[in-house]
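Please open the structure in a viewer and keep the sequence beside it. The tour below proceeds from the whole chain to single residues, with one selection at each stop.

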Amino acid sequence: MQHDSWLLIVLIVSVISIVLMVIRGKIHAFLALIIACFGLGLGSGMSITGVVDAIEMGIGGTLGNLIAIIGLGGILGKILEESGGAERLAKTLLNSFGPRKSHWVMAMVGAIAGIPVFFEVGFVLLIPLVYEIARQTKMNLLYLSIPLALSLMTIHCILPPHPAAMAITTMLNADVGKVIIYGLAVGIPTIIFAGPVWVRITCKKEITPAQIQFLETRTNSKETVRELPGFGITLFAICLPLLLMVVKTLTSGLAEEMLIRRFTLAVGTPLTALMISLVFAFWSLGLRQGRSMMQLLEISQRSFPVLAGIVFVIGAGGAFNSVLLKSGVGEVISGMLLSTHINPVILAWFIAWIMHLAVGSATVAMISAASMISPMLAADHQLTPEILVIAIGAGSIGWAHVTDSAFWIVREYLGISLSEALKKFTGATVLASVIALLATLVLDHFI
């Protein structure tokens, strides 16, 4: 019992050290997690060689399954960005729904375009369109941009094949098709209530004089007209990997000798689904638009630097999870958490929620929460891993504030005060996190 208490103390100190290193010490999350691995391992009685072996095994085991998926997803997102596909989605939807529904349109665009692109990329890519709509309709910038930002953040946290969502899906041995289905079921009401409904309540609809002046400073005199891909083919290119992975899950009840089951098994694994989707995107958003293979090669190369930081953080998170299990701390955690009788969904959500508040990175929050939850999942086989994945993602949506780069990007591109950004954007993420938790609990009740 005394030994178990000591292991818990070591874990708590390790988690606090990660927070302090990232926030106070300005140490990269990858280095902070690796340092914490040594502290956790040595503090729990492991030898230095045992800690190193566990770190190597954790990094290799985690990235071995994910590195190709992350790379393919990154290239797919970059092609969407450079082809003008996101712009085509926005303009077509705006023409269909009209300017009065612009805040709903931006929420939809963020949800769709956010599937293959990261939050920062999607927001910077689409914010010029927000400026244009605001100029033409005289609508408040916040009224348009908060639904966009909230949609991008929600999809980023709960829907594979985003790297962090894919990583915790792998760490918890969840079915990726089910995670996508559950993620959509939770994500849609979250985006609606914390996006368009939230700004309807908290933001003025009319543009302010200060925003008019701000837009004048953001006018792009070098803007050029370019040929955009078609709406249907762009939408299909974005959704194709999700469709293939979901079809694999939906046909899982069929006999394996059936041709359709063998086919969906072949094309529905994440790696194969993304490879097929990327080949289609190369043609539909690349070659079909007049780009050469050399240009597509350059686009592919430009996608990798953006992924580097995320790959290292995910690998370090896998190392932390490995040390957690090898040291015996994981067994102690699972026993303690199960004995508390707290709903595991709420527990998973709360750990990610607190970690994002403290560390300021949704990716670090998700990986850390999955590391702490996975021992409990291994000890209680009645828990549903897919639901826990969504719960962790839901928790990581909350508290995008001053420690989060997403917060500063939103504030900078909207030209708003710190207090206004905290009220409107951070408030939206906290509300979204709570709504996503409630939706996850309802989903868990019926599954």
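The radius of gyration used here is taken over C-alpha atoms, and the rule for a globule is 2.2 Å times the number of residues to the power 0.38. The model on display is predicted. For 447 residues, that rule leads to a radius of gyration near 22 Å for a compact globule; the protein chain has 22 Å, which agrees.

**The whole chain**

Begin with the protein chain in a cartoon view. Its secondary structure consists of 21 helices and zero strands. Along the principal axes, the C-alpha trace spans about 65 × 55 × 45 Å.

Next, display the surface of the protein chain. The accessible surface comes to about 18800 Å², and 66% of it belongs to carbon and sulfur atoms. Of the 447 residues, 56% count as buried. Among contacts in the protein chain with a separation of 6 or more, 81% are made by residues 24 or more positions apart.

To finish this overview, colour the charged residues. The chain has 26 positive and 23 negative charges, and the mean positions of the two sets are 11 Å apart.

**Helix α1**

Select M21, which is placed in helix α1, residues 2-23. Is M21 buried or exposed? The relative accessible area of M21 is 14%, and a residue counts as buried under 20%, so M21 is buried. Leaving aside neighbours within four places in sequence, M21 is in contact with K26, I27, A32, I35 and A36. Now add P385 to the selection: the C-alpha atoms of M21 and P385 are separated by 30 Å, and the two residues lie 364 residues apart along the chain.

**The loop between α6 and α7**

Move to K138, in the loop between α6 (119-137) and α7. Which feature of the backbone deserves attention at K138? K138 is not a glycine, yet it has a positive phi of about 60 degrees. Most residues other than glycine have a negative phi, and most peptide bonds are trans.

**Helix α7**

Select T154, which is placed in helix α7. With 0% relative accessibility, T154 counts as buried. A polar atom of the T154 side chain lies 2.9 Å from the backbone oxygen of L150. Leaving aside neighbours within four places in sequence, the contacts of T154 are G187, T190, I191 and I397. How far apart in space are T154 and A436, C-alpha to C-alpha? T154 and A436 are 9.0 Å apart in space, while in sequence they are 282 residues apart.

**The loop between α7 and α8**

Continue to P161, in the loop between α7 and α8. A cis peptide bond joins P160 and P161, with omega about 10 degrees.

Then select H162, found in the loop between α7 (141-158) and α8 (163-171). The relative accessibility of H162 is 2%, so H162 counts as buried. Which backbone atom lies 3.4 Å from a polar atom of the side chain of H162? The backbone oxygen of V117 is at that position. Not counting residues up to four places away in sequence, H162 touches G114, I115, V117, F118, I155 and H156.

**Helix α12**

Select V247 and T249 together. V247 is placed in helix α12, and T249 is also in helix α12, which covers residues 231-250. V247 counts as partly exposed, at 36% relative accessibility, whereas T249 counts as buried, at 9%.

Add G177 to the view. The C-alpha atoms of V247 and G177 are separated by 7.6 Å, although these residues are 70 residues apart along the chain. The side chain of T249 reaches the backbone nitrogen of G177 at 3.5 Å. Not counting residues up to four places away in sequence, T249 touches D175, G177 and K178.

**The loop between α19 and α20**

The last stop is W399, in the loop between α19 (385-397) and α20 (405-414). W399 has a positive phi of about 60 degrees and is not a glycine. Is W399 buried or partly exposed? At 25% relative accessibility, W399 counts as partly exposed, because that class lies between the limits of 20% and 50%.

Definitions and conventions
Residues are numbered from 1 along each chain as its sequence is written. This is a predicted model: local features need pLDDT of at least 70, side-chain atom pairs count only at pLDDT 80 or more; totals for chains, interfaces and linings use all residues. Side-chain values use heavy atoms; hydrogens and water are left out. Helices (H or I, at least four residues) and strands (E, at least two) are DSSP runs, numbered from the N terminus. Buried means under 20% relative accessible area, exposed over 50%, partly exposed in between (1.4 Å probe, protein chains only). Contact means heavy atoms within 4.5 Å. Accessible areas come from the Shrake-Rupley method with a 1.4 Å probe; for residues, only the protein chains shown count as cover. Lys and Arg count as positive and Asp and Glu as negative; His and the chain ends are not counted. The place of a charge is taken as NZ of Lys, CZ of Arg, CG of Asp or CD of Glu. A polar contact is a pair of N or O atoms within 3.5 Å; within protein, one must be able to donate a hydrogen and the other to accept it, and residues adjacent in sequence count only if both atoms are side-chain atoms.
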